[in-house]
There are 2 protein chains.
Amino acid sequence: MAPSRAAPTALRALRQSHFPNNLSRRSISAYGYEQAKALILPNHGEPKDVLRLHSHSISPPTGDAVTLRFLASPINPADINQIQGVYPTKPTWTTNLGTPDPIAVGGNEGVAEIIAKGSGVSGLQKGDWVIMKRQGFGTWRTHAQTTSSEVVKVDKEGLKPEQVGTVSVNPCTAYRMLNDFGNMKEGDWFMQNGANSGVGRAAIQLAKLWGYKSINIVRKREQGHEDLVRDLKSLGADVVVTDEELRGKGFRDQVKEFTNGGREKIKLALNCVGGPLVNDTAKHLAPGSPVVTYGAMSKQPVQLPMGLLIFKDINFHGFWVSRWADKNPQQKEDCVKEILSLTREGKFQDIPMDPLTWDYDTKQDELVNAVQGTLEGFRSGKGIFKFGNT
Amino acid sequence: MAPSRAAPTALRALRQSHFPNNLSRRSISAYGYEQAKALILPNHGEPKDVLRLHSHSISPPTGDAVTLRFLASPINPADINQIQGVYPTKPTWTTNLGTPDPIAVGGNEGVAEIIAKGSGVSGLQKGDWVIMKRQGFGTWRTHAQTTSSEVVKVDKEGLKPEQVGTVSVNPCTAYRMLNDFGNMKEGDWFMQNGANSGVGRAAIQLAKLWGYKSINIVRKREQGHEDLVRDLKSLGADVVVTDEELRGKGFRDQVKEFTNGGREKIKLALNCVGGPLVNDTAKHLAPGSPVVTYGAMSKQPVQLPMGLLIFKDINFHGFWVSRWADKNPQQKEDCVKEILSLTREGKFQDIPMDPLTWDYDTKQDELVNAVQGTLEGFRSGKGIFKFGNT
């Protein structure tokens, strides 16, 4: 690794001697080389055991290459499963970052700014914001070099990096599930568990915009439960219930009240929790309706309710936004564009976030702890790296 | 009940005095009255506890009415669940058969002959064979009177009553599942458990006719296993395996061999057993494929395989032929017609049967035992009432 580190170290010394602290480090790219840092893994394992901060330099882009400076990269649960090796999409192993053995960069989602481009690049300018076209890019890094076909330009006008950096996974998942399942029409209902998740909050808001109504299931919080209910209702949730309430005897009658005496139909259920909750939900659906699973947070198995399956034609599907995006790249771009446009108009709110600023001097431990903290679920909002003075 | 029995008893005395034993009792309908017997239930319960044989008389048909003499009525597992009260379709409760309290007639499937019709009936003639249009008709009886719109005429040419009497449920279930799920094309594969069931045998044969290939899962029999395998292969099964073989380590490699190195795809699974077998099967399916459940013979729960659901897009559906038939009456007629036409041409074999002849003098105990025996699974073939000298 020594040879690849030599140049960056020299550059850093140069920067530290020539530029005052309040100047962006980016001015150094006048020399044409970028000093980059990345959270990498040499093999699968627990994030705290395998992740480390790696420095390398990026040469000036030629041909179809672009150099990116990352602005914001979220820490999604799937990123952690990918590091652990239990996710079907593997990270991209490479020796291109100057390591003797192949490593991969963590993270799959994010937004970056074009800071340099090769002479063969068209359609992208310095200063443009881009998101990643595919899973496995490795977004937990300050800079990257790639080809222009691997990124998708977004209109940054009026948007914050954390809004653009979190649009690809959760909002698109909610968008497609509400569109592609249950043949929903204005006035129809859907139910969802994990309603406070990124997907859940996106689904509440999109449903409201499209005229669908929602029954939202959340865990009972010891503290702040009423605040959470109020929060989800302010996003557009019609009904918020706890899983205990869902299982309660009177719930069927309540559902009848919500749905105008049963004249309005519940035509879709979204599930990211699993366990008995799924059957408790499925029995309120109109005959022929789908239950769409996009997560398994409780790690509890779901038992197929045979009677509902055979006699009520309730059907069970999975949704994985990565597979969908790979099959439908243009639809994915359209989805991103529409969500960002709604965000810009103030009609779509991003989720509560718990950002960690990643500067040039941020230590490995801080970064790794941010990932491990997301895994252990003790964050107050979505974990996201916001890149500062890199 | 006494009044309703008076006339039949008189008629029976008359018949016994006037007609030699080898003459069909039907000649008595010259008097215009039919002496009928039916296996009825006064309420839900175990068949052996609630079923009894009830006699009543049927007056000459007027207007749109037809009088039927049953020829063959199978004993389906669903009929027994219906008697037990655990089936979603309830039997038809009525006092029309001369009982003081409402009773229902058991059985849902069967074939009958028109023996008399009202002056307003068109399109049906004496001697025509008919099947029931709907569930809940009550087919475990010697005679019935109904309106012509409740029955569907079938072309009896070249067919045996037991072939026509068993066409509506099992063969139509197989037919629709192979057609409506998995987007099957010639050369595609499907897997099914319970391959020796009525539906299973029908699916093997239809698949063969349509150019689909099948992997058929059966329980290992202590005796006669090789005969069973030979039997299913003679119907057109490409592969027959036991559930142990399915779970075996080398099965994935075997599947690869069957499917031409994996170039041919397994695009559908049919399930009537439940339990862990379903997951063992689902993992061999091509991404995006459906598992269709039409029964739950093992009474073991099925755990939704979350990884397959989300990442491989395996989806889970139920199929209930009654619901389908109610929604698609014309398609049901077409399906029946096609299966019977294949039967007539010798291309479709009915399943092994264990008939009980139901004559005028057959005792209640014999009939009830035939039903209870189906429930307890100790029959050598499908239980079916074949009506003789009624």
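Tutor: Let's start with a rule we will need: two strands pair if DSSP finds at least two bridges between them. Keep in mind, too, that the model above is predicted.

Student: Good, so let me try the rule on chain B. How many bridges join strand 1 to strand 4 there?

Tutor: There are 2 bridges between strand 1 (residues 34–41) and strand 4 of chain B, and the two strands run antiparallel. For a place to look, find B:L41, which stands opposite B:A104 in strand 4 of chain B.

Student: In what order do the strands of that sheet in chain B lie?

Tutor: The order is 2-1-4, in an open sheet of 3 strands with antiparallel pairing. Strand 2 (52–58) and strand 4 (104–105) of chain B are at the edges and have a single partner strand each, so one side of each lacks a neighbour in the sheet.

Student: And which order does the open sheet of 3 strands have in chain A?

Tutor: In chain A the order is 2-1-4, again with antiparallel pairing. There, 7 bridges connect strand 1 (residues 34–41) with strand 2, the two running antiparallel. A:E34, for instance, stands opposite A:I58 in strand 2 of chain A.

Student: Now the pair of chains. What rotation superposes chain B on chain A?

Tutor: A rotation of 180 degrees, with 0.0 Å of shift along its axis, and the RMSD is 0.0 Å. That is the relation of a two-fold axis. The contact follows suit: the same surface serves both copies, with 100% of the contact residues of chain B recurring in chain A.

Student: How do I read the interface itself? How many residues does each chain give to the contact?

Tutor: Chain A gives 25 residues and chain B gives 25 residues. The two chains bury about 2,200 Å² between them, and 69% of that is on carbon and sulfur atoms. Of the area that chain B buries against chain A, 27% comes from B:L304, B:I310 and B:F311, more than from any other three residues.

Student: What about charges? How many salt bridges cross the interface of chain B and chain A?

Tutor: The rule finds 2 of them across that interface. The cut-off is 4 Å between a side-chain nitrogen of Lys or Arg and a carboxyl oxygen of Asp or Glu. A:D313 and B:R323 form a salt bridge, with their closest N and O atoms 3.6 Å apart. For polar contacts, the count across the interface is 8 residue pairs, both partners being at pLDDT 80 or more.

Student: Which elements of chain B give two or more residues to the side that touches chain A?

Tutor: They are strand 14 (302–304), helix 11 (306–311) and strand 15 (315–318) of chain B. By residue class, that side of chain B has 15 nonpolar, 7 polar and 3 charged residues.

Student: What does strand 14 of chain A join on chain B?

Tutor: Strand 14 of chain B. 3 bridges join the two strands, residues 302–304 in chain A, and the strands run antiparallel. At this pairing, A:Q303 stands opposite B:Q303.

Student: Back to salt bridges: how many does the structure hold over all chains?

Tutor: The total is 28 over all chains. One to display is B:R344 with B:D155, whose side chains meet at 3.7 Å, N to O. This pair links distant parts of the chain, 189 residues apart: B:R344 belongs to helix 13 (residues 329–344), while B:D155 lies in the loop between strand 8 (151–154) and helix 4 (161–164) of chain B.

Key. Residues numbered from 1 in each chain as written. Chains lettered and ligands numbered in written order. Predicted model: local features only at pLDDT ≥ 70, side-chain atom pairs only at ≥ 80, totals over all residues. Heavy atoms only, no water. Contact = heavy atoms within 4.5 Å. Buried area = accessible area lost by both parts, 1.4 Å probe. Polar contact = N/O pair within 3.5 Å; in protein donor to acceptor, adjacent residues only side chain to side chain. Helix = DSSP H or I, 4+ residues; strand = E, 2+ residues; numbered from the N terminus. Nonpolar A, V, L, I, M, F, W, Y, C, P; charged D, E, K, R; others polar. Least-squares fit on C-alpha atoms with pLDDT ≥ 70 in both.
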